Amino acid sequence: MSQSKKPVLTRRTLLGGATAAGVGAAFGSVLPAHADAGGASRPKAIGQGRIDAVAARLARGLIALREEIHRHPEAAGEERRTAALVAARLRAAGLSVRRGVGGTGVVGVLDGALPGRTVAYRADMDAVPPDDQIEGGPEVAHCCGHDLHTAIGVGVAQVLARLRDRLSGRLVFFFQPGEEALTGARAMIDAGVLEWTRPEEIHALHCGPFPVGRLAVTPGVGLPGLDRPTIAVPGPDAAERARRLAAEINGLGTVAFPETHADYERVVRELETPDGPLARFILTNARTGEPDAAGRGTVEVAYRCWPEERYVEVRRQIGRVAAAYEGARVDFSADPFPAMVCPEQDARALNRHLRGAFGPGATTELHAAFPFNGEDFALFLDRMPGTFTFLGVRRPGADITTCYPHFGGFDPDLRAIGVGVRAMSGWLAERLRG
């Protein structure tokens, strides 16, 4: 994975070689309308009711956009058709647009009528390759919801462009490639997008296995990172020793990959449980690889942990296990990919905003991280505050496989598009006010 062109001051420090972190009628039944808010000493607020009215007029077009993207999924780094669709709609809405940022990335800039803060919003565009699908097929497919994310990002830009006379400041929209490969955010950052747009904060959402109309906020949590050490095991019985070592490393895990649909349901419940089983975890996947050029056995390890300070602890545990195998050498040459940790203060502010706009039942709070997924939005949150919110896409009575990302049968309730547009438009307009 590429590195930044120059050092960037972030909230992270290096500890023992491991990085650580201290809408309208079509949608009215799932997210209620809200009356316009009054003015204040700050720039006058855009009432949620006005945002809802604009979003309602755009609803059909946004669903059609999602369907078009869904029919033509593009893998990480190949999002040219999707990028062209996004760029055309942003330009039509009056945004300044730049394409080819970090490969196939698109950046749209919307200036309000008055000067003010700069706030960013990120939407990811790529589809899921076959190897990363659960019970999926042989083709690249939009089974993680990025087609919805893209349509929602376009919708937010369109709504706020129509209300730009009430906006103070600048909104920048990052339509990011390569999230599934954990390469797109780095590529856009390396291309200098943060230097020439200079946002003060950044926000995003992601489809999640929650009821349609509900948004899950993530104060102090997020998604784990990923560490991938390798171990070389010498000796005439190297292959067998490597198999035993892999089994011992897998024994360090405290959580296992779900095997049944009921297991996935349990994971969702545990995410919403304070101090529950997922408050701290290690997820390990160690397996033997091909012998190296010297005939040594190899163990390839991929693990996630939470909280991310545990990288240091887990590396030491792996080192101690490997030390029992004479001559084994552990390679921790690369830092772990960082966890996405959402600032607590910002997430709680978002929660208050959403409940004020849509009622107390509009949100749920997550107290733990999904153990099985990562996000390169982490690299943006590493550099500035912001929020990452899960958007409920589960149809009433639908099986967990229809709303849990990466299942081949992923079939989200498309009313969620309007929910996301309305919620994020109101939130970004509020953040521009400071």
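Two strands are said to pair if DSSP finds at least two bridges between them. The exercises below use that idea on a predicted model.

**Exercise 1.** Work out in which order the strands of the open sheet of 4 strands lie, and which of them stand at the edges.

*Solution.* Begin with the order, which reads E11-E12-E10-E13, with antiparallel pairing. Next look at the two ends of that order: strand E11 (281-289) and strand E13 (329-331) each have a single partner strand, so one side of each is left without a neighbour in the sheet. From one strand to the next, the twist averages 20°. For a closer look at one pair, take E11 and strand E12 (residues 297-306), which are joined in the antiparallel sense over 9 bridges; within this part of the sheet, Leu283 has Arg304 in E12 as its bridge partner.

**Exercise 2.** Find which strands are touched by helix H9 and which are crossed by helix H7.

*Solution.* Helix H7 (residues 238-250) lies across strand E10 (230-233), E11 and E12, and runs at about 170° to E11. Helix H9 (residues 310-323) also packs on the sheet, where it touches E10, E11, E12 and E13, and its direction makes about 150° with that of E12.

**Exercise 3.** Describe the open sheet of 8 strands, from its order to the helix H12 that packs on it.

*Solution.* The order is E3-E4-E6-E5-E7-E16-E8-E15, and the pairing is mixed. Strand E3 (96-101) and strand E15 (363-365) stand at the edges, and because each has a single partner strand, one side of each lacks a neighbour in the sheet. Neighbouring strands are turned by 25° against each other on average, direction ignored. At the E15 edge, strand E8 (residues 215-217) and E15 run parallel and are joined by 3 bridges, with Ala216 standing opposite Thr364 in E15. Helix H12 (residues 415-432) packs on this sheet and touches strand E5 (114-124), strand E6 (168-176), strand E7 (201-211), E8 and strand E16 (386-394), its direction making about 150° with that of E5.

**Exercise 4.** Identify which residues of the largest nonpolar core touch the most other members, and follow the contacts of Phe173.

*Solution.* This core has 113 residues, of which Val159, Leu160, Leu171, Phe173, Phe174 and Phe175 touch the most other members. Its largest share, 10 residues, comes from H12. Leaving aside neighbours within four places in sequence, Phe173 is in contact with residues including Leu95, Val106, Tyr121, Val156 and Leu428. Apart from this core lies another, of 20 residues, among them Val233, Ala286, Val321 and Ala322.

Methods:
Residues are numbered from 1 along each chain as its sequence is written. This is a predicted model: local features need pLDDT of at least 70, side-chain atom pairs count only at pLDDT 80 or more; totals for chains, interfaces and linings use all residues. Side-chain values use heavy atoms; hydrogens and water are left out. Axes are lines fitted to C-alpha atoms, for helices over the stretch in contact, and angles run from 0 to 180 degrees between N-to-C directions. Contact means heavy atoms within 4.5 Å. A nonpolar core is a set of buried Ala, Val, Leu, Ile, Met, Phe, Trp, Tyr and Cys residues joined through side-chain atoms within 4.5 Å. Buried means under 20% relative accessible area, exposed over 50%, partly exposed in between (1.4 Å probe, protein chains only).
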